[in-house]
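Here are my notes for you as you click through this one. Keep the viewer open and look up each spot as you read.

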Amino acid sequence: MTAVEPGGVPAPVGAPVLAAEDVWKAFGEREVLRGVSVSLAAHEVVALIGASGSGKSTLLRCLGLLEPIDDGRIFLGDEDISDPRVDGNRVRARLGAVFQSYNLFPHLTVLGNVTLASRVVHKVPRKDAEARALALLERVGLADFANAHPDRLSGGQQQRVAIVRAIATDPEVLLLDEITSALDPELVGEVLDLVRSLAEGGATILMATHEMAFARDVADRVLFLDEGVIVEEGAPAQLFTAPAHARTKAFLTRFT
Ligand code: ADP
Ligand code: MG
């Protein structure tokens with residue numbers, strides 16, 4: 001949720017939940033993130049758009065402590081999680097992440113997948129973890145699959161399970177990386193509907209996406225990443241209809 005200021009640009013409300021300050025990341029000689037700053041307010045839904053190779057996944061992976069950064073700082077709440085002394089596992093346990101490819105554990109049932117982190121990382125008793133998982137699966141219409149293995153599910157169902165798994169531990173932020181781009185077109189809607197309901201339920205979400213119509217509809221703010229730099233950000237209505245930068249314009253033309 002954001003407050004809209006007179007200029008029509010949404011301003012984050014309250015202290016940021018997640019904030020990156022001047023983050024740099026290179027792979028070998030290649031500078032992939034070149035001074036990226038991002039801030040997410042509580043309950044804010046931010047869409048990250050940009051061409052393939054612009055650094056979206058790298059940014060999400062850095063924010064999720066799945067990739068070390070070269071320079072800059074990342075805060076989760078008021079904790080500097082980029083401090084090398086920080087326990088990464090403890091921090092990752094406070095985040096939820098879903099990626100493009102369904103990364104469910106094939107040898108575990110749906111229920112096993114959804115309860116794993118609660119049980120192993122958060123030490124929630126099995127009975128409680130399963131009760132919560134079943135309630136969540138019920139909510140997204142997948143309770144019937146609780147005891148099935150992932151290969152019995154469609155791609156859309158697997159991605160919904162991956163989302164349920166990510167929210168099962170009540171993460172402070174959800175990082176979603178093009179979670180519909182590996183899906184058959186007819187399965188995209190059910191996954192986006194779930195993201196929409198999480199957004200409406202107050203989740204704090206940063207999502208890399210090529211679903212421009214969805215971003216426009218659901219995001220409070222859109223960031224356009226180009227060659228490792230956020231060249232433009234704004235409310236969807238502004239950025240999609242009247243982009244300020246030529247590069248944003250050129251990118252959007254290819255998508256609309
Ligand atoms: P996007 O998600 O926007 O498509 P990525 O963050 O995946 O962009 O990639 C940005 C650039 O970083 C690409 O040139 C990619 O090849 C490179 N890259 C990403 N991950 C690695 C890695 N682990 N090792 C080397 N290069 C990488
Ligand atoms: Mg990517």
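1. Start with phenylalanine 224, which stands opposite glutamate 232 of strand β12. That pair belongs to a bigger arrangement: strand β11 (residues 221-226) and strand β12 (residues 229-234) run antiparallel and are joined by 5 bridges. Remember while looking that this is a predicted model.

2. Now follow the chain round the turn. β11 and β12 make a hairpin, with 2 residues between the strands. Have a look at glutamate 227 in that turn, since its phi is positive, at about 50°.

3. Where does the hairpin sit in the open sheet of 6 strands? Reading across, the order is β8-β9-β10-β5-β11-β12, and the pairing is mixed. At the edges you'll find β8 (95-98) and β12, each of which pairs on one side only. On average, and ignoring direction, neighbouring strands here are turned by 15° against each other.

4. For the parallel kind of pairing, go to strand β5 (residues 45-49) and strand β10 (residues 205-208): the two run parallel, with 4 bridges between them. One pair to pick out is valine 45, whose bridge partner in β10 is isoleucine 205. A bit of background: strands of a sheet pair through backbone hydrogen bonds, and they can do so parallel or antiparallel.

5. On to the helices. The axes of helix α3 (residues 110-120) and helix α5 (residues 155-167) come within 7 Å and cross at roughly 25°. Angles under 35 degrees count as roughly parallel, so that is what we call α3 and α5. Their crossing is right-handed.

6. Which residues make that contact? From α3 they are Val110, Asn113 and Val114, and from α5 they are Val161, Val164 and Arg165. Sorted by class, the contact of α3 with α5 has 4 nonpolar residues, 1 polar and 1 charged.

7. Finally, the ligand. Around ligand 1 you'll see Phe27, Val32, Gly50, Ser52, Gly53, Ser54, Gly55, Lys56, Ser57 and Thr58. What is the make-up of this shell by class? It has 7 polar residues, 2 nonpolar and 1 charged. Helix α1 (residues 56-63) gives the most to the shell around ligand 1, with 3 residues.

Key:
Residues are numbered from 1 along each chain as its sequence is written. Chains are lettered from A and ligands numbered from 1 in the order in which they are written. This is a predicted model: local features need pLDDT of at least 70, side-chain atom pairs count only at pLDDT 80 or more; totals for chains, interfaces and linings use all residues. A residue is near a molecule or strand if its C-beta atom, placed from the backbone, lies within 6 Å of it. Ala, Val, Leu, Ile, Met, Phe, Trp, Tyr, Cys and Pro count as nonpolar, Asp, Glu, Lys and Arg as charged, and the others, Gly among them, as polar. Axes are lines fitted to C-alpha atoms, for helices over the stretch in contact, and angles run from 0 to 180 degrees between N-to-C directions. Angles under 35 degrees count as roughly parallel, over 145 as roughly antiparallel, 65 to 115 as roughly perpendicular and the rest as oblique. A crossing is left-handed if the near helix is turned anticlockwise from the far one by less than a right angle, and right-handed if clockwise. Two residues are in contact if their C-beta atoms, placed from the backbone, lie within 7 Å. Two strands pair if DSSP finds at least two bridges between them.
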